[in-house]
Amino acid sequence: MKTQSDTVRHYVLERLENSIFEPGMRLPGSRKISEELTISRPVVQNALDTLVNEGVLRSVSRSGLYVDSAWQSRRPRNTLRVYTTDEFLPWMTMFREEISKRIPELHISQRCEEGDFEIVTTATAQTRHEEFADLMPLLKTCYPDFSPFCREQLKPFMQKDALTALPFLFSPRLMACNRKILEKAGCAVPSPDWTLNDFVALVEKLSGSSSVENVFLWNNSYYLWMNFILSAGGRLFCLDREDPVCFDSAESVAALKVFHSLKGNCSVQSGKDYISRCGSCAFSVIDSQIYGLNPEIFDRDFVFLPMPGVSPEHTGRSIQATELLVMRRRCIDSKLAVPLIEFLWSGKFQDHLAALHHGIPLRKSSIAKAFENCGKPYNTFKNVLEKLHSEYQLSSPDLFKLISSGISSILSGNEDIAPQVEELAFVVRKYLKYTRKL
C-alpha cells in the first residue's frame, strides 16, 4: 500500500528524473507541496527530511531545501535503477504499471547511478557480482519448481551456490544483412553456413561499390568484437591452463584484425546511435532485443544469418545478451525483491516479452509462443541457441575494465594490432600474478 510519505518521495524523485528539478535548484516550500498533494505539512516535511538524510536534498539554514549537486550518485532507498531508457525497453510500460500496483513504494530510476535493485546486462552482472546479494533463497520462495523455466540460464550467474543476478530474458547475436543493399550492389545473400572469409570478401566487394555508402555498422564495444573472437575459435581465457590468458592467441588476434579492418565503413560510438543506424547498413550485429524494436523493418528488408565463423563449425557462435535483476548487498528492505521476482518470471510478463519479440523469455511456454507466429528472420535466433556463449570470463570490474578498455582502445587506433595485443596480454598476466583475480 502506497503511503502519503511515499507520495511525497515520488513527487520529488519523479521531478528529478524528468529534470523538472535540477541540481542546485531550490525546492518549493513544504507548505506549497502540502497544498499541491493535499497531504499534511508534517508528513511532507518528514518525507523531505528522509531525502535530506539520503543525500538527495540538502538543507540550507533560513533558505530552504535544495537539490544536491551530486544527487544522481546518492542512493535513495527503495529505488530500482534501470540501465537504459524506456525507448529501448518496450516492456517497461507494462512493467511500470504492474510494479506501481505491486510495490507502490518502489521508485524506478534511469538517472541514479545505483539503486537497491537494478536491471542490468550480462557484463555488469558477471563482472560486479561481488556487489550483489544472493537471490536464490528468494527465487525458491517464489518458484520452488524450476522445471517450467530454462534453468541452464541461471548457471552463468551463479557464484558457487549463490545466484547474484536473476535473468528474465536472453538472446544470441546474429548478423543482420540488408537484402536491398546487397541486391543493389549485385551481391547474393550469403548462405547460413558462411564463414569469416566469405564475410570479408563480401565486405570488400561492397566497399568497392559506388552504390553502397555504409557496409558494416562498427563500434569498439566489447559486445561486438568479442563475437568475432568466438567465431574465430578464440577466447579471452582458458581457465584450465597454467597460463589462462588467450586473447593474444593466433585465433584471437586474427579475429581482432578482421574486426579492426571493418572500421570506417560506418562507425558509431554509442549504443543508442548503433540501434538507430542498423537499418542503413549492409551488415550489423544485432540481438533479438534490437530486432524487437523494429520487427516490421527487419522482416521486410533483412535476412538474419548466424555470426560467420573461421569454419562452418564455428559459424553461429556469439556472446549472449541478457537482462537481469540484481539486488545490492546493502539493500535494507530485501523483501521487496519477492514481488519483483514473482512478476519478472510470471506467465503474464514472460508472455508479454514473447509478444514483443524482445529477447527470448525464460519460461518455456513463453518461448514456444515467441517462436510460434513469428517470421523466418526471428526463428534464426532459435537455430543458434546451442552455440550461445554466456560467459564473459571477466570476474572482476578491474579486470573487465583493463581488458575491454584496452582492446577497445587498440581497435580505435590505426596501428598494427598484434604487438599492442601482445603488450596488453603481458600487462594482464602481471595483473593476474599479483591479484589472483581469476
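Is lysine 101 buried or exposed? Let's start there. Lysine 101 has a relative accessibility of 61%, so it counts as exposed. The cut-off for exposed is over 50%. Keep in mind that this is a predicted model.

Where does lysine 101 sit? It lies in helix α4, which covers residues 92–102. Now compare its place with that of valine 43. Along the chain, lysine 101 and valine 43 are 58 residues apart. Their C-alpha atoms are separated by 22 Å.

Valine 43 takes us to helix packing. Two packed helices are described by the angle between their axes and the distance between the axes. The first pair for today is α1 and α3. Helix α1 spans residues 4–17, and helix α3 spans residues 41–53. Their axes come within 9 Å and cross at roughly 55°. The two helices are therefore oblique to each other. The crossing is right-handed.

Who makes this contact? From α1 come Gln4, Ser5, Val8, Arg9, Val12 and Leu13. From α3 come Val43, Val44, Ala47, Leu48, Thr50 and Leu51. So Val43 is one of the residues in this contact. Sorted by class, the contact has eight nonpolar residues, three polar and one charged.

Next pair: α15 and α16. Helix α15 runs over residues 347–356. The axes of α15 and α16 are 8 Å apart, at an angle of about 25°. That angle makes α15 roughly parallel to α16, since the limit for that label is under 35 degrees. This crossing is right-handed too. On the α15 side, the contact uses Gly347, Gln350, Asp351 and Ala354. On the α16 side, it uses Ser366, Lys369 and Ala370. By class, that is two nonpolar, three polar and two charged residues.

Stay with α16 for a moment. It covers residues 364–372. Which of its residues are buried? They are Ser366, Ile367, Ala370 and Phe371. These four cover an arc of only 130° around the axis, which puts them on the same side of α16. Ser366 and Ala370 also appear in the contact with α15.

Now to the loops. Threonine 38 is in the loop between α2, residues 30–37, and α3. Its phi is near 50°, a positive value in a residue other than glycine. At 68% relative accessibility, threonine 38 counts as exposed.

Asparagine 78 also has a positive phi, near 55°. Asparagine 78 is in the loop between β2 (64–67) and β3 (79–82). Its relative accessible area is 8%, so asparagine 78 is buried.

One more loop residue: methionine 307. Find it between β13 (302–306) and β14 (318–319). Its relative accessibility is 1%, so it counts as buried. What does methionine 307 touch, leaving out residues up to four places away in sequence? The list includes Arg173, Leu174 and Met175. It also includes Trp194, Asn227, Phe228, Ser231 and Val285. Thr315, Gly316, Arg317 and Ser318 are on it as well. Lysine 184 is 123 residues from methionine 307 in sequence. In space, C-alpha to C-alpha, those two are 23 Å apart.

Last stop: lysine 433, in helix α19, residues 417–435. Its relative accessibility is 49%, so it counts as partly exposed. Lysine 433 and glutamate 323 are 110 residues apart along the chain. Their C-alpha atoms are separated by 33 Å.

Definitions and conventions. Residues are numbered from 1 along each chain as its sequence is written. This is a predicted model: local features need pLDDT of at least 70, side-chain atom pairs count only at pLDDT 80 or more; totals for chains, interfaces and linings use all residues. Side-chain values use heavy atoms; hydrogens and water are left out. Axes are lines fitted to C-alpha atoms, for helices over the stretch in contact, and angles run from 0 to 180 degrees between N-to-C directions. Angles under 35 degrees count as roughly parallel, over 145 as roughly antiparallel, 65 to 115 as roughly perpendicular and the rest as oblique. A crossing is left-handed if the near helix is turned anticlockwise from the far one by less than a right angle, and right-handed if clockwise. Contact means heavy atoms within 4.5 Å. Ala, Val, Leu, Ile, Met, Phe, Trp, Tyr, Cys and Pro count as nonpolar, Asp, Glu, Lys and Arg as charged, and the others, Gly among them, as polar. Buried means under 20% relative accessible area, exposed over 50%, partly exposed in between (1.4 Å probe, protein chains only). The arc is that of the directions from the helix axis to the C-beta atoms.
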